[in-house]
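Please walk through this protein with me, beginning from one of its strands and moving outward to the elements and side chains around that strand.

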Amino acid sequence: MSRVAESIRVAQAIGLWLPTGREDHAAPDPAVVDDDYQDHLLGHNCYRPSVFRMVVEITSSDWRDDLERERAAYTEAQVPVYVIGDRKHGRVLVLTDPVGGEYRTQSVYRPGESLVLPESIGAKTEIEADLLLKR
């Protein structure tokens with residue numbers, strides 16, 4: 001885990017407790033979380049959705065999971081920024097502004113392009129799309 005700015009951290013191997021059921025959770029590939037996220041443990045290494053500022057998923061062989069099921073779950077949990085390294089389709093999706101079960105804003109980046117993440121995550125960050133599409 002590393003500190004990015006005063007009030008946020010990049011965390012791996014932690015779960016996000018989903019509002020869809022008592023045992024529902026997701027484990028993003030990394031996540032940007034509030035610095036005090038550990039104060040919001042709900043159980044089984046899962047934390048309140050409100051401490052997640054951004055989640056990142058890199059697609060695997062079951063790519064529909066990240067593009068459909070997890071997208072719906074993160075929207076329901078009101079995660080402000082969802083980034084998907086979609087290796088199946090050679091693109092990076094940046095989804096923001098979750099309202100009414102959908103992300104209202106979607107930006108698409110292709111290999112060779114850079115994406116600037118919303119400053120709402122707590123730090124100005126630019127990433128090469130290729131970094132999220134590596135196999």
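**A strand and its surroundings**

In this predicted model, strand β8, helix α1 (residues 63-76) and strand β9 together make a β-α-β unit that is right-handed. The two strands of the unit, β8 (residues 52-58) and β9, pair in the parallel sense over five bridges, and within that pairing Ile 58 has Gly 85 of β9 as its bridge partner.

Strand β9 also pairs with β10 (residues 91-99), here in the antiparallel sense and through six bridges, with Asp 86 matched to Arg 91 of β10. The hairpin of β9 and β10 has four residues between the strands, and in this hairpin Gly 90 takes a positive phi near 60°.

How many of the six residues of strand β9 are buried? Six of the six residues, 81-86, are buried, so the strand is largely enclosed by the rest of the structure. In a regular strand, side chains alternate between the two faces of the sheet. For β9, both faces are covered, with Val 81, Val 83 and Gly 85 buried on one side and Tyr 82, Ile 84 and Asp 86 buried on the other.

The loop that follows β10 offers a contrasting environment. Gly 100 lies in this loop, between β10 and β11 (102-109), and because its relative accessibility is 75%, above the 50% cut-off, Gly 100 counts as exposed. Although Gly 100 and Gln 78 are 22 residues apart in sequence, their C-alpha atoms are 9.4 Å apart in space.

Turning to the aromatic side chains, a search of the whole structure finds three aromatic pairs. In one of them, the rings of Tyr 37 and Tyr 47 have centres 5.0 Å apart and planes at 70°, so this pair is edge-to-face. The pair links distant parts of the chain, since Tyr 37 sits in the loop between β5 (31-34) and β6 (41-43) while Tyr 47 belongs to strand β7 (residues 46-47), 10 residues apart. Tyr 37 and Tyr 47 are both buried.

Another pair leads back to strand β9: Tyr 82 and Tyr 103 form a tilted aromatic pair, 6.3 Å centre to centre and with 40° between the planes. This pair, too, links distant parts of the chain, with Tyr 82 in strand β9 and Tyr 103 in strand β11, 21 residues apart. Tyr 82 counts as buried because its relative accessibility is 0%, and Tyr 103, at 6% relative accessibility, likewise counts as buried. Ring pairs link Tyr 82 and Tyr 103 with Tyr 74 into a cluster.

Key:
Residues are numbered from 1 along each chain as its sequence is written. This is a predicted model: local features need pLDDT of at least 70, side-chain atom pairs count only at pLDDT 80 or more; totals for chains, interfaces and linings use all residues. Side-chain values use heavy atoms; hydrogens and water are left out. Buried means under 20% relative accessible area, exposed over 50%, partly exposed in between (1.4 Å probe, protein chains only). Two strands pair if DSSP finds at least two bridges between them. A crossover is right-handed if, with the strands pointing away from the viewer, the path from the first strand over the helix to the second runs clockwise. Rings of Phe, Tyr and Trp (its six-membered ring) pair if their centres lie within 6.5 Å; planes under 30 degrees apart count as stacked, over 60 as edge-to-face and the rest as tilted.
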